[in-house]
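Please walk me through this structure, in plain terms and one part at a time.

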Amino acid sequence: MTITIKDFSAGYGKKAVLNGINIEFHPGQIIGMIGPNGAGKSTFIRGMSGVLNDISGEVIYKNEDTFKMSNAERARIISVVPQARQLGGAFSVYEVVMMGRTAYMNFLGHPSKKDVMRVEEAIKKTNLEDLADRMIAELSGGEQQRVLLARALAQETPVMILDEPTTHLDLNNQIEFMHIIKD
């Protein structure tokens, strides 16, 4: 399904960063956004995903504006692989990848058999099986980046937005990462 962005604007308080963006994304497309630091690429991603509040316009998917959806509904449509910064926290790789299934869990947050299956598939696809029980803070930047990709894959969305996705990855992992994204 096509995602249509209409008159999208975003900023921080009174500071406008993006103004009046109109674009369509079609199934199977891989689109790259380039520009200097501070041009608004990450702001665009934060706005599209609903993390940023100072936004206007529409992001239409299946004739519905994702900005009018609940966070859980939007999370079933759009996943984000952010730039890996040194991730902290007392979570294992498995737990972080399972967080990608949050939008599908019941109100008590218990994973279903399908949730467990999707997490295990994502961990396998990103070659993280040997690291599944390790704490996220113990991993290298490249390993953390693979965990963030696994979390987005487990989220099982039709749209995936990536912010500098190959940061911290060696050349072999960059190539593998891009093959996974293409698939």
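## Salt bridges, cores and spaces

E156 and R101 form a salt bridge, with their closest N and O atoms 3.0 Å apart. E156 sits in the loop between α5 and β6, while R101 sits in the loop between α3 (93-98) and α4 (113-125), so this pair ties together parts that are 55 residues apart in sequence. The model is a predicted one, and the distances here are computed from it.

The two partners can be told apart by their exposure. E156 has a relative accessible area of 31% and is partly exposed, because buried would require a value under 20%. R101 has a relative accessibility of 1%, so it counts as buried under that cut-off.

E156 also meets a second arginine: its side chain and that of R118 form a salt bridge, at 2.7 Å from N to O. This pair, too, links distant parts of the chain, with E156 in the loop between α5 and β6 and R118 in helix α4, 38 residues apart.

Another salt bridge joins E138 and R134, whose closest N and O atoms are 3.3 Å apart. E138 is partly exposed, at 48% relative accessibility. R134 is partly exposed as well, with a relative accessible area of 32%. Where salt bridges share partners, they join R101, D115, R118, E121 and E156 into one network. The count for the structure comes to 5 salt bridges.

Next come the nonpolar parts of the interior. The largest nonpolar core has 19 residues, and those with the most contacts inside it are I3, I5, F8, F44, V59 and I161. At least two residues of this core come from each of β1 (3-12), β2 (15-25), α1 (41-49), β3 (55-61), β5 and β6 (159-162). Of these, β1 gives the most, with 4 residues.

What is F8 in contact with, leaving aside its neighbours within four places in sequence? The list consists of L18, N19, G20, I21, F44, G47, M48, I55, S56, G57, V59 and F67. Two of the residues named for their contacts inside the core, F44 and V59, are thus found in the list for F8. There is also a second, separate core of 16 residues, which includes V93, V96, V119 and A122.

F44 also leads to a residue in a loop. M33 lies in the loop between β2 and α1 and is partly exposed, with a relative accessible area of 43%. Leaving aside neighbours within four places in sequence, M33 is in contact with K41 and F44. M33 and F44 are 11 residues apart along the chain, and their C-alpha atoms are separated by 9.9 Å.

The remaining features are spaces among the atoms, beginning with a pocket. The second largest pocket has a volume of about 430 Å³. Its lining is made up of 17 residues, and S49, N71, A75, I78 and Q155 lie nearest its centre. The elements that give two or more residues to this lining are α2 (71-75), β5 (78-81) and α5 (141-155). The largest share, 4 residues, comes from α2. By type, the lining of the second largest pocket divides into 8 nonpolar, 7 polar and 2 charged residues.

How many cavities of 30 Å³ or more does a search of the whole structure find? The search finds 1. The largest cavity has a volume of about 60 Å³, and the residues that line it are T126, N127, R146, L149, N173, E176, F177 and I180. Two or more of these lining residues come from each of α5 and α6 (171-182). Here α6 gives the most, with 4 residues. The cavity lining divides into 3 nonpolar, 3 polar and 2 charged residues.

Some elements appear in more than one part of this account. Helix α5 gives two or more residues to the lining of the second largest pocket and also to that of the largest cavity. Strand β5 supplies at least two residues of the largest nonpolar core and gives two or more to the lining of the second largest pocket.

Methods. Residues numbered from 1 in each chain as written. Predicted model: local features only at pLDDT ≥ 70, side-chain atom pairs only at ≥ 80, totals over all residues. Heavy atoms only, no water. 1 Å grid on protein atoms, 1.4 Å probe; cavity = no way out; pocket = protein on both sides within 12 Å on 5 of 7 lines; lining within 4 Å. Points joined across faces, edges and corners; volume = space filled by probe spheres on them. Nonpolar A, V, L, I, M, F, W, Y, C, P; charged D, E, K, R; others polar. Core = buried A, V, L, I, M, F, W, Y, C linked by side-chain atoms within 4.5 Å. Buried < 20%, exposed > 50% of the residue type's maximum accessible area, 1.4 Å probe, protein only. Contact = heavy atoms within 4.5 Å. Salt bridge = Lys/Arg side-chain N within 4 Å of Asp/Glu carboxyl O.
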